[in-house]
Number of protein chains: 2
Amino acid sequence: MGIVVQKYGGSSVATAEHIKAVAERVEKAHEGGLDLVVVVSAMGKTTDRLLALAGEVAKDPSPREIDQLLSTGERQSVALLAMALHDRGVEATSLSGPQAGMRITGRHGSGVISEIQTERMRQLLREGHVVIVAGFQGMNALGDVITLGRGGSDTTAVALAASLHADRCEIYTDVDGIYTADPRIVPAARRIPMISPAEIAEMAWRGAKVMHPRAVELGALYSVEIHVRSSFDEGPGTVIREGKDLEHLETRETLAGIVHDLDVSRVALTGIKTGPGTLSRVFAPLAQAGISVDVIVESAPKEGAADVAFTVRRADFAEARRLTGKVASSLGGQVEGEENLGKISVVGTGMLNRPGYAARMFDALGRAGIPIRMVSTSEIQVTCVIPAERVEEAVRRLHEDFELEERDV
Amino acid sequence: MGIVVQKYGGSSVATAEHIKAVAERVEKAHEGGLDLVVVVSAMGKTTDRLLALAGEVAKDPSPREIDQLLSTGERQSVALLAMALHDRGVEATSLSGPQAGMRITGRHGSGVISEIQTERMRQLLREGHVVIVAGFQGMNALGDVITLGRGGSDTTAVALAASLHADRCEIYTDVDGIYTADPRIVPAARRIPMISPAEIAEMAWRGAKVMHPRAVELGALYSVEIHVRSSFDEGPGTVIREGKDLEHLETRETLAGIVHDLDVSRVALTGIKTGPGTLSRVFAPLAQAGISVDVIVESAPKEGAADVAFTVRRADFAEARRLTGKVASSLGGQVEGEENLGKISVVGTGMLNRPGYAARMFDALGRAGIPIRMVSTSEIQVTCVIPAERVEEAVRRLHEDFELEERDV
């Protein structure tokens, strides 16, 4: 019989009632004859509450102790889910990350799974138990708890599916799948039944908060089929896998969807002298300050001078402008910036074989009179940086223009 | 330099402010040059809150999962205390029970410490760290979390003090020591500066909720000197140790104090045929039902029939009466009971050498017109079961009669 890994996020186990509902769903799958490993996040706002408590006792809590503290959230929810399953007559055993054999290396708060010792899980599955594993955590060689950082429970689930050779990994969340655009902005947006890991990774990085890109990449690496479903209904959700079968390729449309992000600022260095090491001089201070840079555009140099522009989150705008201002002066240039921007991207592996998507996107935005501040493209996406207040309009226009609501996705 | 184990109970770490106050106290002791191991309980009502949550998801939660769940409370408080110490510039490392090397055998919820692997703690102490250990918990051979049951954190602290050969174990609580009687009832009650393990064990079993008897017994077994102090002031508290030194023996008064308990019911079987196995037939059903029996009195048999009376907690009264009612009928007797009773005990090792304490107690109660329902004595205590509504009056009268407020204890 096949093994299936299910993962339930914090909103799916937010209260005792939610946990009982998850138990009911797990029981059904178990009765269907599946060997189940269930990964659970901390209940609702538990992690935020614990972080607030840490902030009350210390100005700058140590990462090791933060990991000790936060890892208790998942330990609580796995124990509670096991109890709720027992209450339904289902045999179940909860395991913390260390008990489940999750061996982690790397730094506290951003650990990397190095090995999963699956013996105990396999033994419990053989005994007919549902195995419930605390997401987001494991143990290093010293016996210390290390957490995996953002998206950690998704990563735990996909890594378990890979090492247990599971049939699939089901990610239960508060949405019923991945959409062609944000349904709150585009009411005609449609659920995507199947999508490739590359597409979902681009969509996730570009602001669709369905599943963490790290977990998607891990799934792609180990060919784990991932199903994103709602924990509140019985819909089929979205399946993430490589579209290698012919049927899929032939019926597959070229564009997966449109994603957007409203938290974008742009910093531009103009007229700076370019040469070897220029970009490094611009971006090294940002990296040191822990500022993430997203889109980067460098103009072709003219008479030894060029323009470099990049985007950062709005919270980092002032600091990024200050840091690069110094660099710009030392390179004989100036710095300018624009704070209230957004990004919009069209994503799809089909774009590989059919050029012209970028042009069509620029055309649609141009006809709507929406100014494009920056452009960035990869093999499977085109991104435009535009004024934040025009983003929603742009999403609707592109969704219509690319006929996403009319396709049988 | 000597090692000292400190233990802070749930009320001492109830909020972020409390935890910061504990950190200040720990810092002072650490600056004084002590090697410190600090045992912490779960914050305030955390354990109750988690148990309530368990009750919401399952009617009869499994002991293993209850242990998984409850052990997170102490894990949180040790991490928070470590952070608060870092914030003061004190090097500190938190350890869960398993990380601290607490190896436990026995059943979930009532584990027994089998071994403490102290290497990691000793290494951290050598490096100058304050070691903070989660009380109440450890790990069995399977890698599962086992809790120690009631008074578990006290037991953890005393066991650590024994295995680390600590100079002493300091138990910080919300009272500033052990008193000759409950100060809420007897305003003239006095703090006892020094008391023997035997006395404190009797006082604890008899209802003075200062320290768990199990921890006291462990301390006596391994000659750990225990200091009971308030975590809210700087008083000397009460020292628990064998009074072997001459000075102590000579100045030591005979009576340690008076303790009472308001939650007592009495069940009596009258006129039952006695013979070998009678008592076993009476008490086996109670043990099976998990009902704790305290004072037991059997009258001398007259014409082959005797009376047996015992006390139980009020919550167990109806069930105990029902169970023993059947036995009484089968033995040709009857059952009667009295629900609203209390107990009052005078405790002191000095009673060993000076008889007459029981008589003096009966006399005092008699003069006050307080009826005595049952009597039980051991080498170091005399206990009378009396009506619950007369208990407070009896405590005051005995405290005065035995001149406890006037002695230089």
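## A tour that starts inside helix 5 of chain B

Select helix 5 of chain B and look for its buried residues: B:Gly152, B:Ser153, B:Asp154, B:Thr155, B:Thr156, B:Ala157, B:Val158, B:Ala159, B:Leu160 and B:Ala161. Please keep in mind as you go that this is a predicted model.

**Stop 1: the rest of helix 5**

With ten of its twelve residues buried, helix 5 of chain B is largely enclosed by the rest of the structure. Try a distance between the end C-alpha atoms of this helix, which runs over residues 152–163: you should find 16 Å. That agrees with expectation, because twelve residues at 1.5 Å a residue should span 16 Å. Now step just past the end of helix 5 to B:His165, where phi is positive, at about 50 degrees.

**Stop 2: a loop in chain B**

Stay in chain B and select B:Phe136. You will find B:Phe136 in the loop that joins strand 6 (130–134) to strand 7 (137–139) of chain B. Its phi is near 80 degrees, a positive value in a residue that is not glycine. Is B:Phe136 buried or exposed? B:Phe136 counts as buried, because 28 C-beta neighbours lie inside 10 Å.

**Stop 3: where the two chains meet**

Next, show both chains together and colour the residues in contact. Chain B contributes 28 residues to this contact, and chain A contributes 28 residues. On the side of chain B that touches chain A, the elements giving two or more residues are helix 1 (16–31), helix 2 (46–57) and helix 3 (63–87) of chain B. Which of these gives the most? That is helix 3 of chain B, with 13 residues. Colour this side of chain B by residue class and you will see 14 nonpolar, eight polar and six charged residues.

Now superpose chain B on chain A. The operation is a rotation of 179 degrees with 0.1 Å of shift along its axis, and the RMSD is 0.2 Å. The two copies are therefore related as by a two-fold rotation axis. To find that axis on screen, select B:Thr72: its C-alpha, at 2.7 Å, comes closest to the rotation axis of the residues of chain B. Both copies use the same surface, since 100% of the contact residues of chain B recur in chain A.

**Stop 4: chain A as a whole**

Hide chain B for a moment and zoom out on chain A. There are twelve helices and 18 strands to find in chain A. The radius of gyration of chain A is 23 Å, close to the 22 Å that the globule rule gives for 409 residues, so chain A is as compact as a globular protein of that length. Along the principal axes, its C-alpha atoms fill a box of roughly 75 × 55 × 35 Å. Buried residues account for 50% of the 409 residues in chain A. Of the contacts in chain A with a separation of 6 or more, 74% join residues 24 or more positions apart.

Colour the two domains of chain A next: domain 1 covers 3–174 and domain 2 covers 258–401. How far apart are the C-alpha centres of domain 1 and domain 2 of chain A? They lie 38 Å apart.

**Stop 5: a loop in chain A**

Select A:Ser223, in the loop between helix 7 (213–221) and strand 11 (226–230) of chain A. A:Ser223 is not a glycine, yet its phi is positive, at about 50 degrees. A:Ser223 is exposed, with 11 other C-beta atoms within 10 Å.

**Stop 6: helix 12 of chain A**

Finish at helix 12 (residues 391–401) of chain A, and start with A:Glu400 there. A:Glu400 counts as partly exposed, with 14 C-beta neighbours inside 10 Å. Draw a C-alpha to C-alpha distance from A:Glu400 to A:Ala287: the two are 113 residues apart in sequence and 39 Å apart in space.

Now pick out the buried residues of helix 12: A:Val391, A:Ala394, A:Val395, A:Arg397, A:Leu398 and A:His399. What covers them includes strand 13 (257–273), strand 16 (334–347), helix 11 (357–367) and strand 18 (381–387) of chain A.

Zoom in on A:His399, which counts as buried with 25 C-beta neighbours inside 10 Å. Leaving aside residues up to four places away in sequence, A:His399 touches A:Thr180, A:Ala181, A:Val186, A:Ala188, A:Ala189, A:Ile258, A:Leu404 and A:Glu405. For a last look, move just past helix 12 to A:Glu403, where phi is positive at about 55 degrees.

Definitions and conventions:
Residues are numbered from 1 along each chain as its sequence is written. Chains are lettered from A and ligands numbered from 1 in the order in which they are written. This is a predicted model: local features need pLDDT of at least 70, side-chain atom pairs count only at pLDDT 80 or more; totals for chains, interfaces and linings use all residues. Domain bounds come from an automatic or database domain assignment. Two residues are in contact if their C-beta atoms, placed from the backbone, lie within 7 Å. Helices (H or I, at least four residues) and strands (E, at least two) are DSSP runs, numbered from the N terminus. Ala, Val, Leu, Ile, Met, Phe, Trp, Tyr, Cys and Pro count as nonpolar, Asp, Glu, Lys and Arg as charged, and the others, Gly among them, as polar. Copies are superposed by least squares on the C-alpha atoms of residues with pLDDT of at least 70 in both. The radius of gyration is taken over C-alpha atoms; the globule rule is 2.2 Å times the number of residues to the power 0.38. A residue is buried if 20 or more other C-beta atoms lie within 10 Å of its own, exposed if 12 or fewer, and partly exposed in between; C-beta atoms are placed from the backbone. The expected span of a helix is 1.5 Å times one less than its number of residues.
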